[in-house]
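Visitor: I should like a close look at a single part of this protein. Please take me through the pocket that ranks second in volume, and then set it beside its surroundings.

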Amino acid sequence: MLSASRPGINKHAAYWLIVLPAVLMLVVLYFVPLGNVLLTSVTDPKPGLQNYGLLFTSASVQKSLLTTVRIAAVTTFFALLLGYIVAYAMRAAGTRAQRLMLVGILLPFWISVLVRSFAWIALLGTQGPLNSALVAWGLIDEPLALVRNETGVLIGMVHIMVPYAVLTLYANMRGIDVGLVAAARSLGASRFQAFRMVFLPLTVPGLIGAGTLVFILSLGFYVTPALLGGGKVLMIAEYVAVQINDTLRWGLGTMLAATLMIAVLGTLWALSRVIDVKRLFGA
């Protein structure tokens, strides 16, 4: 009986030996720093929850939180809108066109976020080509303020987030049986009715997945708001950097970082109560 169980035991032990280095690396490089952040948030400058109390009493903290959530929500909306259009066009295009469009979607990932943010500053500045063209055509009398404000931050963040939305939605749309839409057309539905009543409902899981991914990533933006916002749009990541690097308020900075982490995990947990998150992201 013992000898019969040994192969199973050996196989189990071999499995853990294989994954043990990865588990140790995850603990050392991920969980230990996160634990240190949580510990600092309740011990600096003195033990207690006074740092978390600032979430309800500090106007500057509340303003940065509301700004972050608002910008992330607006970014998610426009990224989903543009991403859905592009993903739908890719789904309907031929094989060669799909490949070219996919390259165009993946190309921004090969360019630094810093470079893309500076490029938007050059394009949207008061002396940039966009404002110069609008003034030359007589459409405006003076250059528009498109950078160093929330408008510039939204433009830059939507540009960065659209590829994430496109790839998630495209993966969802590729799994939809086009025969269902054809069947709806054969039963008398118009092209718009077939899209609205058949295709669009089938893409809801993709919309939820893309929206969740874009919203979570948008919450932690730092470089783009710092550059395109010009210091006038303070999101959580930049606020944390100011507290730690400039004012040396480690307790407040780690509290905000911990709050952001808990909010992200809470969002994923709430989403998992409704749908299968693993399947949503392709697992």
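**The second largest pocket**

Guide: The lining of the second largest pocket divides by class into nine nonpolar residues, no polar residues and three charged residues. The model is a predicted one. The space in this pocket comes to about 250 Å³. Its lining consists of Tyr-88, Arg-91, Ala-92, Val-178, Val-181, Ala-182, Arg-185, Arg-191, Phe-192, Ala-194, Phe-195 and Phe-199. Two or more lining residues come from each of helix H3 (59–92), H8 and helix H9 (191–202). H9 contributes the most, with five residues.

One of the lining residues, Arg-185, merits separate attention. Arg-185 belongs to helix H8, which spans residues 178–186. Its relative accessibility is 38%, and because this value lies between the 20% limit for buried and the 50% limit for exposed, Arg-185 counts as partly exposed. When neighbours within four places in sequence are left aside, Arg-185 is in contact with Ser-190, Arg-191 and Ala-194. Of these partners, Arg-191 and Ala-194 also line the pocket. Phe-195, another lining residue, is ten residues from Arg-185 in sequence, and the C-alpha atoms of the two are 9.6 Å apart.

The largest pocket may now be placed alongside. About 320 Å³ of space lies within the largest pocket. Tyr-30, Leu-34, Gly-220, Ile-236, Ala-237, Val-240, Ala-257, Leu-260, Met-261, Val-264 and Leu-265 form its lining. Helix H1 (2–41), helix H12 (236–246) and helix H13 (250–272) are the elements that each supply two or more of the residues lining the largest pocket. H13 has the largest share of that lining, at five residues. In class, the lining of the largest pocket comprises ten nonpolar residues, one polar residue and no charged residues, whereas three charged residues occur in the lining of the second largest pocket.

H13 also packs against another helix. The axes of H13 and helix H10 (residues 204–219) come within 10 Å and cross at roughly 170°. The crossing angle is over 145 degrees, so H10 is roughly antiparallel to H13. On the H10 side, the contact is made by Ile-208, Thr-212, Ile-216 and Leu-219, and on the H13 side by Leu-260, Val-264, Leu-268 and Leu-271. By class, the residues of this contact are seven nonpolar, one polar and no charged. Leu-260 and Val-264 take part in the contact with H10, and both also line the largest pocket.

Conventions: Residues numbered from 1 in each chain as written. Predicted model: local features only at pLDDT ≥ 70, side-chain atom pairs only at ≥ 80, totals over all residues. Heavy atoms only, no water. Helix = DSSP H or I, 4+ residues; strand = E, 2+ residues; numbered from the N terminus. Buried < 20%, exposed > 50% of the residue type's maximum accessible area, 1.4 Å probe, protein only. Contact = heavy atoms within 4.5 Å. 1 Å grid on protein atoms, 1.4 Å probe; cavity = no way out; pocket = protein on both sides within 12 Å on 5 of 7 lines; lining within 4 Å. Points joined across faces, edges and corners; volume = space filled by probe spheres on them. Nonpolar A, V, L, I, M, F, W, Y, C, P; charged D, E, K, R; others polar. Axes fitted to C-alpha atoms, helices over the stretch in contact; angles between N-to-C directions. Parallel < 35°, antiparallel > 145°, perpendicular 65-115°, else oblique.
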